[in-house]
Amino acid sequence: HEAETTSCGGRVSGLSLWCPQDPMLEGVADSMAYVILRNETSTVDFDGAASDGAPGLSKAALVILVFEAFRSHPLGYIGFLIFLTMWTALALPVTPLEVCAGCVFGPVWGTLGSLTGKTLGCVCALLIGRMMGKSQGWKMPTALEKYLGLLKSRPFETMCAIRIAPIPLGVKNYGLSLVRYPNDKYPYRAYAWSCFLVGIPFSIAWGLTGHGASSLVDVVSKYA
C-alpha cells in the first residue's frame, strides 16, 4: 500500500514504501525507511568515511537491518551470536555491534552475547591465522613485534596487555596467531582466557551504553 497510509514510513524521493502489517516486522520497515533516507544523501561507514550518492548499503545500514531482524525472530539471539562471531573473525569493528546488542537484547543478555560472540570470533581468527598465515606468507605486525620475547616467556600476561593496548582487534587476533612457539605448542588456553577476561569490562560498558539508547538509529548515528 502507499507509504502515506502506513505507520512506519512515508514517500521518500518519490518512492512508495511498503510496510508489513505484522507488528514484529514494523521495526525492520522503519529501519528500511531510514536506510533509504540515509542512502539518498550519503553512505556512512563505521570508520567515519562517507561517500555522497554511493549506491548500496553501508555497513551501518546493514547492521540496523540485521539487528531489527534479530529483534523480531524467535532465534534472533542465536543469529546474533553467529553474526558477531563471523564479524569479529573478519576483523571488522565490533564496538557498534556490542552497543546495538545492548539496545536490542538489554544490558544482561546483550553483554553476555557480545562477550561470547567476540571471544568465539577471536578464537576463529586465531585458527584461521594459524592455518593460513605461514602458507600465505603473513608477517607479524610491527605493533606486536616488541612483545615477541614476553609472549614466549609469559604468554597469558602479555596477551592480556596486548588486548588492553589501543591496537585494532583484527591486528591483535591475526598478529598473535603468527607467533611461533617451541615445538609448535601454542598457548591456546591463555589466548582464549585473555580474550574473555579482558573483554568483560568493555562488553559491559558497551552493553549498558546500548541499553540507554532510544533506538538502533540513535546507536548508529553516534557510533557508526
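Is the crossing of α2 and α10 left-handed or right-handed? Keep that in mind as you click around; the model is a predicted one.

**Stop 1: α2 and α10**

Select helix α2, residues 59–72, and then add helix α10, residues 216–223. Look along the pair and you'll find that α2 and α10 make a right-handed crossing. Their axes sit 10 Å apart, and the packing angle is about 150°. Angles over 145 degrees count as roughly antiparallel, so α2 is roughly antiparallel to α10.

Now show side chains. On the α2 side, pick Ala60, Ile64, Phe67, Glu68 and Arg71; they meet Leu216, Val217 and Val220 of α10. Colour this contact by class and you get 6 nonpolar residues, no polar ones and 2 charged ones.

**Stop 2: α10 again, this time with α4**

Leave α10 on screen, hide α2 and bring up α4, residues 95–136. The axes of α4 and α10 come within 10 Å, crossing at roughly 160°. By the angle rule, α4 and α10 are therefore roughly antiparallel to each other. Here, too, the handedness is easy to state: α4 passes α10 in a right-handed crossing.

Which residues should you select for the contact of α4 with α10? From α4, take Pro96, Val99, Cys100, Cys103 and Val104; from α10, take Leu216, Val219 and Tyr223. Class colouring gives 8 nonpolar residues in the contact of α4 with α10, with no polar and no charged ones.

**Stop 3: α4 with α3**

Stay on α4 and swap α10 for helix α3, residues 76–89. The axes of α3 and α4 are 7 Å apart, and the two helices pack at about 45°. That angle makes α3 oblique to α4. Once more you're looking at a right-handed crossing, with α3 passing α4. The contact of α3 with α4 splits into 16 nonpolar, 8 polar and 1 charged residue.

**Stop 4: the largest pocket**

Keep α4 shown and add α7 (155–164), α8 (169–177) and α9 (188–211): each of these four helices gives at least two residues to the lining of the largest pocket. To centre your view, select Val94, Lys118, Ile167, Leu169 and Lys172, the lining residues that lie nearest the pocket's centre.

How much space lies in the largest pocket? About 460 Å³. The lining counts 26 residues, and by class they come out as 17 nonpolar, 5 polar and 4 charged. Among the residues nearest the centre, Lys118 and Lys172 are worth labelling, as lysine counts as charged.

Technical notes. Residues numbered from 1 in each chain as written. Predicted model: local features only at pLDDT ≥ 70, side-chain atom pairs only at ≥ 80, totals over all residues. Heavy atoms only, no water. 1 Å grid on protein atoms, 1.4 Å probe; cavity = no way out; pocket = protein on both sides within 12 Å on 5 of 7 lines; lining within 4 Å. Points joined across faces, edges and corners; volume = space filled by probe spheres on them. Axes fitted to C-alpha atoms, helices over the stretch in contact; angles between N-to-C directions. Parallel < 35°, antiparallel > 145°, perpendicular 65-115°, else oblique. Left-handed = near helix turned anticlockwise from the far one by under 90°. Contact = heavy atoms within 4.5 Å.
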